[in-house]
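Open the model in your viewer and keep the selection tool at hand. Each stop below says what to select and what is there.

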Amino acid sequence: MLRYFATGPDLPVRTDDGVDGAFQRYRMRIIMAITLAYAVSYTCRLAINIVKKPLIDAGIFTPLELGMIGSALFYTYAAGKLINGFVADHSNVKRLFAAGMILSALCNIAMGFSTLFWATLLIWGLNGWFQSYGAPACVVALASWFSNRERGRFYGIWSTAHSIGEGLTFAVVSALVAFGGWRWGFWGPGIAAVLAGIAAFYAMADRPRTLGLPTVADWRGDHYAPPADGAPERGIFATQLSILAIPAVWILALASAANYVTRYAINSWGILYLQEARGYSLAEAGAMLTASTLAGVAGALAFGFVSDKFFGARRPPVNLLFGVLELIGLLLLFFGPQNPAVVLVAVILFGLGMTGLVTSLGGLFAIDICPKRVAGAALGMVGVFSYIGAAIQEQVSGALIDANMHMVGGIRVYDFGPAIWFWIGCSVLATLLATTLWNTKLRD
């Protein structure tokens, strides 16, 4: 099994006239595959957020139990993202990515049959582990096929998968649940992910050197600094460990953890908040958050383009800009007037700012400041903190919402105030930490 997932050996570099054409073909297929398939895969981790109210109303699970189930995915995803980030640097990423998608899909299908708390907790935890194959495989593909001064734009394109996946969840999965019941909130994404995983397997490719092509930095002539002549070449594992000695990686990891608290707070509890605090129906709440995810597509593309074109691939100034946009959106959403137009503006600003920050803090900036051959380990290092933050959020938010929920005349009444201040405080912390990395050194 390990041999099946291992990357192939480096082949002699081709010198024929077909190298440019081969690069262009592979790059187009890879960026399309990792963006579209990862978007479908994303629905397999967000499905539970759509069915929270039906599950609570049916008496199947309490908000506290749903918080525990949700955090199970984040804890296993956090561990998996670290471990599989290191594994991805040694792997044929097309095989790793496709396997993770199909196994995650099977977990979602099983979720549609489960109403027992401990069984559901176990299945959703396994889903987190299989989901963790995806992002490291995609990031290794990006680092292998796209060079330094263009990577921001292509990473931004891939990052739209987060928003596309969220939009598919809020729009399509919400519709499935509304018409077919909560079980189809899991079955629909599961079936779609099986098909997308098979398609991705045939569209993606291993590293360029395994196909007899030069590295993308050599092909593009795009190095941050000329390679040092006579410098000893480290092995992959030694290079992976070397990122632990980069202080900026630890600060970035903490910033991403705080950012993921707010990101997954809105993903996990936003539908419930809009239903209970703003009086929206499930379809209306799903439509509002779909608008946020569409704005997120623009945010991911804009972050990569602006940071590459106007700041020479420097991310910190753009981190600050997008962090301010996100905070304005949050304040309008929670404290703005009860006006649908204001709520729409709020979720759009939040989507723009948050997805831009996720693009940077969640991976792109880590690749910039670490050696490119260990992009998977860099992503894994940041990812483990990010999803520990998301897991803590799920438990803390679930407990805060549960503790401040009361029955009045047989009707549940929610007080989201304590949870809201927890979410906003984490966004402020993330923006401040990211801004401290203003002059961080970039590496090939």
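This is a predicted model.

**Stop one: Tyr387**

Select Tyr387 and show its neighbours. Leaving out residues up to four places away in sequence, Tyr387 touches Tyr42, Arg45, Phe74, Tyr77, Ala78, Lys81, Tyr260, Arg263 and Tyr264. Keep Lys81 and Tyr260 in mind for a later stop.

**Stop two: the nonpolar core**

Now widen the view. Tyr387 is one of the residues with the most contacts inside the largest nonpolar core, which has 138 residues. Also select Tyr38, Phe97, Trp158, Leu274, Leu333 and Phe334, which are in that group too. Next, colour H2, the helix that gives the most to this core, with 17 residues. Where does the core lie? Domain 1 (21-220) and domain 2 (238-443) both give residues to this core, so it lies between them.

**Stop three: the two domains**

Colour the chain by its domain assignment: domain 1 covers 21-220 and domain 2 covers 238-443. Their centres, taken over C-alpha atoms, are separated by 18 Å. The contact takes 52 residues from domain 1 and 56 residues from domain 2.

**Stop four: the largest cavity**

Turn on a cavity display. A search of the whole structure finds six cavities of 30 Å³ or more. The largest holds about 140 Å³ of space. Select Glu166, Asn267, Ser292, Phe350 and Met354; of the 15 lining residues, these lie nearest the centre of the largest cavity.

Then show the helices around the largest cavity. H8 (148-180), H12 (247-276), H13 (282-309) and H15 (340-369) each supply at least two residues of the lining. H15 has the largest share, five residues. What classes of residue make up the lining of the largest cavity? Six are nonpolar, seven are polar and two are charged. Domain 1 and domain 2 both give residues to this lining, so the largest cavity lies between them.

**Stop five: the second largest cavity**

Move to the second largest cavity, with about 70 Å³ of space. It is lined by 17 residues, and the closest to its centre are Lys81, Trp158, His162, Tyr260 and Gly362. Two of these names are familiar from the first stop: Lys81 and Tyr260 both touch Tyr387. Trp158 appeared in the core group.

Show H2 (19-50), H4 (63-88), H8, H12, H15 and H16 (375-403), the elements that give two or more residues to the lining of the second largest cavity. Which helix gives the most to this lining? H8 does, with four residues. By class, the lining has 10 nonpolar, four polar and three charged residues. Each of domain 1 and domain 2 supplies at least three residues to it.

**Stop six: Asp89**

Select Asp89, in the loop between H4 and H5 (93-111). Is Asp89 buried or exposed? Its relative accessibility is 2%, so Asp89 counts as buried; the cut-off for buried is under 20%. Show its contacts next. Residues up to four places away in sequence aside, Asp89 touches Val140, Ile236, Gln240, Arg373, Val374, Ala375, Gly376 and Ala377.

**Stop seven: Gly221**

Finish at Gly221, in the loop between H10 (216-220) and H11 (236-242). Its relative accessibility is 61%, so Gly221 counts as exposed; the cut-off for exposed is over 50%. Add Ser147 to the selection. Gly221 and Ser147 are 74 residues apart in sequence, and their C-alpha atoms are 8.7 Å apart in space.

Terms used:
Residues numbered from 1 in each chain as written. Predicted model: local features only at pLDDT ≥ 70, side-chain atom pairs only at ≥ 80, totals over all residues. Heavy atoms only, no water. 1 Å grid on protein atoms, 1.4 Å probe; cavity = no way out; pocket = protein on both sides within 12 Å on 5 of 7 lines; lining within 4 Å. Points joined across faces, edges and corners; volume = space filled by probe spheres on them. Nonpolar A, V, L, I, M, F, W, Y, C, P; charged D, E, K, R; others polar. Domains from an automatic or database assignment. Core = buried A, V, L, I, M, F, W, Y, C linked by side-chain atoms within 4.5 Å. Buried < 20%, exposed > 50% of the residue type's maximum accessible area, 1.4 Å probe, protein only. Contact = heavy atoms within 4.5 Å.
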